[in-house]
Amino acid sequence: MAIKKKQRRRWMIFFTFAMCIIIFLIYSWNDKIPDSIYLEAGERNEVNLRLPFNASIEVQSSEAVMNKDIYVAKVNPAINQPFSIYIPKTGKYELSLKLFGIWNVKDIEVNAIEPEYLLPVGFPVGIYLQSDGIFVIGTSKLTDCQGNTSEPAKDIVKTGDYIVKMNGKKIPNKESFMRMLNENGMQDIQLTIRREKEEVDVRVHPVNTAPGEYKLGLWVRDDTQGIGTVTYIDKKNQFGALGHGISDSDTSLLMEAAAGSLYETDIYTIIKGTAGSPGSLSGTICYGRDHQYGTIDANTVRGIFGTVNEKLKQQVQGEWILAGYKQDVHKGNAHIRTNIDGTTKDYKIQILEVNVSSHNNQKGIVLQVTDEELLKKTGGIVQGMSGSPIIQDGKLIGAVTHVFIQDSTKGYGIFLEEMKQMSEK
C-alpha cells in the first residue's frame, strides 16, 4: 500500500508540474495571438492564427460559420495551420480559443468589413506643427536688476505643461506671451496651464531682468517642424504618416498640436547610417500656400493624420492596393516604398519578426533592408524614412518607424491596423 501511495504521489506531482508548464506556455504565447482580426464580409476567409498549441476555435454567433456551405460552429486546426471562416455581413463577432475544447484561453474580436483600398505614398514631406498652448520645456534661474538671483517658476510650472491663458486671456503664440508678460509688469501673474489633460491656475511673480523687461524663468516653445514620410491616402483624401508621433526635441514628450500642415521638401543630403550612429535625410521645407500638401488634424503616438490636397495626390506614383491587417503579416519577403533621391521606388526587405501584442504599438514588425541599392545609398534605414509604407503580398501592411542604433540595416515597423485604429478615433 505504501508503494502505491508513493506512486500516486509521484503521478500527482508530475501531473501538477506538467499542468504548470502548459499554463505557463499558453499564457506566455497569449500576446502572440491577436486580440482582433479583420475579415471580408460575404467571402470565405482563410485565417492562420499561428497557434503554438492545439486548441478548438469556436464562433459565438449563428451568423458566422466555419464553412460557407455547412454550418460548423467549431474547428480544431492543427498547430500553425489555417482554417476558414465565412461571415455573411459586416459587424463585430467573437471567436473563443479553448484548450482541450474546455479551457477558454482567449477571446478574439472578429471585425467583418468591406475591403479597403489605400494609396501607398512613400515620399518625404515637410511637417509643421503648432502646439496647443505654449509648451513648457523647463525652468531656469534669473538675475534681476539689483543682482538678486531667483527661480520664480520652480515647482509651480513644470516641464510638459501647456500655458493656455495669462490673467484669463488666451495666448495665441510665444510672441504674444512675451508681450503680455512685459505689459503686466511686476504684478503677480495668473497662468492657466494644462497638465495631463486638466487645467489648473497658478500664480508666479515676474522678475525685472532689465528696464521694461520681465521674465518668469521659463523655457517655452509653440511649434516644431521636421521631415517625414507619408504612408497612405484613403478614398476620402485622409492621410496617415510617420507611424509614430512628433515629440519635442528637448523633452521627448509628444507634442499636443492645435494645427499643422504638410509642405513640399527638397532633400539635398543623405547621411548614411552606421553602427551606433543613425543616418538621416537633410533638406529644406518649402513653406507657403503654393507649396502646401495638406493639413494635420492629429498628432498621436501612432502617427500624424489629416487631409491632403490635390497637389500631393498628383505626386503619388503607383496604384491603390488592399489594406492588410495583423493576421496577413508573416516572416519573409516584403518591400518598403520610399523616396530618398527624387524618385519613389520599392526596395526589398525581409520581415524577421511579427509581434501582434497590443503592447508594441510602434514595433510590431522587425525588418531588415536587403536591397543592395538602398544599402549603398543610405546604409539601411535613416531618420526621415519613418512612415515609408511596408508592402507584402500585394497589401499595405504597415510603416517603418524606427532604426536599430547598432545596425542601420534593421528597424521596426508599425502595423497598418494600429495606424488606422488611431486615425478613426
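## Starting with a pair of strands

Let's begin at one spot: Leu 119 stands opposite Ile 233 in strand 18. Keep in mind that everything here comes from a predicted model. Leu 119's neighbourhood is the pairing of strand 8 with strand 18 (residues 218–233), where the two run antiparallel and 2 bridges join them.

Strand 18 also pairs with strand 9, again antiparallel, and here there are 11 bridges. To find a place along that pairing, look for Val 125, which has Gly 228 of strand 18 opposite.

## A hairpin from strand 18

What does strand 18 do with strand 19? The two pair in the antiparallel sense, with 3 bridges, and strand 19 covers residues 238–241. Look at Tyr 232 and you'll find that its bridge partner in strand 19 is Gly 240.

Strands 18 and 19 form a hairpin with 4 residues between them. Asn 237 is the one to click on there, as it takes a positive phi near 65°.

## Rings that meet

Now for the aromatic side chains. How many aromatic pairs does the structure hold? There are 6. One of them is Phe 123 with Tyr 293, an edge-to-face pair whose ring centres are 6.1 Å apart, with 65° between the planes. These two come from distant parts of the chain, 170 residues apart: Phe 123 is in the loop between strand 8 (117–120) and strand 9 (124–139), while Tyr 293 is in strand 22 (residues 292–300).

Are these two residues buried or exposed? Phe 123 has a relative accessible area of 7%, so it counts as buried. Tyr 293 is buried too, because its relative accessible area is 6%, and the cut-off for buried is under 20%.

## A tyrosine cluster

Why is the pair of Tyr 128 and Tyr 287 called edge-to-face? Their planes are at 90° with the ring centres 6.3 Å apart, so the pair gets that label; the angle has to be over 60 degrees. Tyr 128 lies in strand 9 and Tyr 287 in the loop between strand 21 (280–286) and strand 22, so this pair ties together parts that are 159 residues apart in sequence.

Both tyrosines are partly exposed: Tyr 128 has a relative accessible area of 23%, and Tyr 287 has 41%. Add Tyr 263 and you get a cluster, with ring pairs linking Tyr 128, Tyr 263 and Tyr 287.

## A charge over a ring

Tryptophan has a part to play as well. The charged end of Lys 235 sits over the ring of Trp 320, at 4.0 Å from the ring centre.

## The whole chain

Zooming out, the chain has 425 residues, and 47% of them are buried. It is built with 30 strands and 5 helices. Take the contacts between residues at least 6 apart in sequence: 66% of them join residues at least 24 apart. As for the outside, the chain exposes about 21,400 Å², and carbon and sulfur atoms supply 49% of that.

## How sure is the model?

The mean pLDDT of the chain is 86, with 84% of its residues reaching 70 or more. Which element has the lowest mean pLDDT, and which the highest? Strand 4 (residues 74–75) is the lowest at 52, and strand 28 (residues 389–392) is the highest at 98.

Residues 68–73 deserve some caution: pLDDT stays under 50 there, and the model has 11 contacts for them beyond four places in sequence.

Terms used: Residues are numbered from 1 along each chain as its sequence is written. This is a predicted model: local features need pLDDT of at least 70, side-chain atom pairs count only at pLDDT 80 or more; totals for chains, interfaces and linings use all residues. Side-chain values use heavy atoms; hydrogens and water are left out. Rings of Phe, Tyr and Trp (its six-membered ring) pair if their centres lie within 6.5 Å; planes under 30 degrees apart count as stacked, over 60 as edge-to-face and the rest as tilted. Buried means under 20% relative accessible area, exposed over 50%, partly exposed in between (1.4 Å probe, protein chains only). A charge sits over a ring if NZ of Lys or CZ of Arg is within 6 Å of the ring centre and within 35 degrees of the ring normal. Contact means heavy atoms within 4.5 Å. Accessible areas come from the Shrake-Rupley method with a 1.4 Å probe; for residues, only the protein chains shown count as cover. Two strands pair if DSSP finds at least two bridges between them. pLDDT is the predictor's confidence in each residue, from 0 to 100.
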